[in-house]
Amino acid sequence: MVSVYYEDLVLGQSASMEKTVTERDVQIFGESTGDLNPVHFDEDYARKTIFRGRVAHGALSIGFISAVIGMKLPGAGTIFVSARTDFKAPVRIGDTVTTTCTVKEIRERREVVLDCVCTVDGKIVVTGEALVLAP
C-alpha cells in the first residue's frame, strides 16, 4: 500500500490500476448494494435495452476510482470527499478496465482535486473528478 503525502503531491502526478470485471464482481456488487437491476443479471432482458446485452453496474467503475485513490494516489489515509462522474460507454463482464487518476489541483487544508478516467481497450468509459483529503 502506498501513501503520497499532501506535501509530496505535484500537479500532473498520476496512478493507474487495471481490473478485469468478472461475473462474481457483478454478483457481489449487486448483492452488496441491493441493485439487482436485470440489465446487470438477465441477458435476455438486457439484449432488449440500449446496451444490447448485460453490463456491469456503473457504480462499480466509481469503485475502481476509489481503489486508485485509496491504494495508490494519494493512497492509504486518503479521505474521499466527493466525486462527479460521467458514464460514456458500458462496461461488460470480461472487460479489463484501466483506471487512471491525475492530480489536477492542490488546494489548502490537504484538499486535492483529481481527474479520473476509466478506459476499456483505450476507449473512455467513465470520466470524473474527485475531491479528496490527502494524508
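## Serine 14 and its contacts

Let's start at serine 14. Setting aside neighbours within four places in sequence, serine 14 is in contact with Leu73, Thr100, Cys101 and Thr102. Take cysteine 101 from that list: it sits 87 residues from serine 14 along the chain, yet the two C-alpha atoms are separated by 5.5 Å. Keep in mind that everything here comes from a predicted model.

Where does serine 14 sit? You'll find serine 14 in strand β1, which covers residues 14-20. Its relative accessibility is 44%, so serine 14 counts as partly exposed.

## The overall layout

Now zoom out. The protein has 4 helices and 5 strands, and reading along the sequence gives you the pattern β-α-α-α-α-β-β-β-β. The radius of gyration is 16 Å, close to the 14 Å that the globule rule gives for 135 residues, so the protein is as compact as a globular protein of that length. If you line up a box with the principal axes, the C-alpha atoms fill roughly 50 × 30 × 20 Å.

How much of the protein is buried? Of the 135 residues, 38% are buried. On the outside, the protein exposes about 7,300 Å², and carbon and sulfur atoms supply 53% of that area. As for charges, there are 15 positive and 18 negative ones, and their mean positions are 4 Å apart.

## Far along the chain

Serine 14 and cysteine 101 have company. Look at contacts between residues at least 6 apart in sequence: 65% of these join residues at least 24 apart. Threonine 22, in the loop between β1 and α1, gives you another pair to look at. The C-alpha atoms of threonine 22 and glycine 94 are separated by 5.8 Å, with their places 72 residues apart along the chain. Threonine 22 has a relative accessible area of 32%, so it is partly exposed.

Glycine 30 and glutamate 7 tell another story. These two are 23 residues apart along the chain, and their C-alpha atoms are separated by 38 Å.

## Glycine 30 and histidine 57

Stay with glycine 30 for a moment. Glycine 30 belongs to helix α1, residues 23-33. Is glycine 30 buried or exposed? Its relative accessibility is 0%, so glycine 30 counts as buried. Apart from neighbours within four places in sequence, glycine 30 is in contact with Asp35, Leu36, Phe41 and His57.

That last name leads us to histidine 57, which lies in the loop between α3 (43-47) and α4 (58-71). Although histidine 57 is in a loop, it counts as buried because its relative accessibility is 2%. Again leaving aside neighbours within four places in sequence, its contacts are Val26, Phe29, Gly30, Asp35, His40 and Phe41. What lies 2.9 Å from a polar atom of the histidine 57 side chain? That would be the backbone oxygen of aspartate 35.

## Unusual backbone spots

Here's a handy bit of background: most residues other than glycine have a negative phi, and most peptide bonds are trans. With that in mind, check out arginine 52, which isn't a glycine but has a positive phi, near 60 degrees. Arginine 52 sits in the loop between α3 and α4. Its relative accessible area is 61%, so arginine 52 is exposed.

Arginine 110 also has a positive phi without being a glycine, this time about 70 degrees. You'll find arginine 110 in the loop between β3 (96-106) and β4 (111-120). With a relative accessible area of 35%, arginine 110 is partly exposed. And which peptide bond is cis? The one from leucine 73 to proline 74 is, with omega near -5 degrees. Proline 74 lies in the loop between α4 and β2 (79-87).

## Threonine 119 in strand β4

One last stop: threonine 119, in strand β4. Why does threonine 119 count as buried? Its relative accessible area is 18%, and buried means under 20%. Leaving out neighbours within four places in sequence, threonine 119 is in contact with Thr96, Val97, Thr98, Ile124 and Val125.

Technical notes:
Residues are numbered from 1 along each chain as its sequence is written. This is a predicted model: local features need pLDDT of at least 70, side-chain atom pairs count only at pLDDT 80 or more; totals for chains, interfaces and linings use all residues. Side-chain values use heavy atoms; hydrogens and water are left out. Helices (H or I, at least four residues) and strands (E, at least two) are DSSP runs, numbered from the N terminus. The radius of gyration is taken over C-alpha atoms; the globule rule is 2.2 Å times the number of residues to the power 0.38. Buried means under 20% relative accessible area, exposed over 50%, partly exposed in between (1.4 Å probe, protein chains only). Contact means heavy atoms within 4.5 Å. Accessible areas come from the Shrake-Rupley method with a 1.4 Å probe; for residues, only the protein chains shown count as cover. Lys and Arg count as positive and Asp and Glu as negative; His and the chain ends are not counted. The place of a charge is taken as NZ of Lys, CZ of Arg, CG of Asp or CD of Glu. A polar contact is a pair of N or O atoms within 3.5 Å; within protein, one must be able to donate a hydrogen and the other to accept it, and residues adjacent in sequence count only if both atoms are side-chain atoms.
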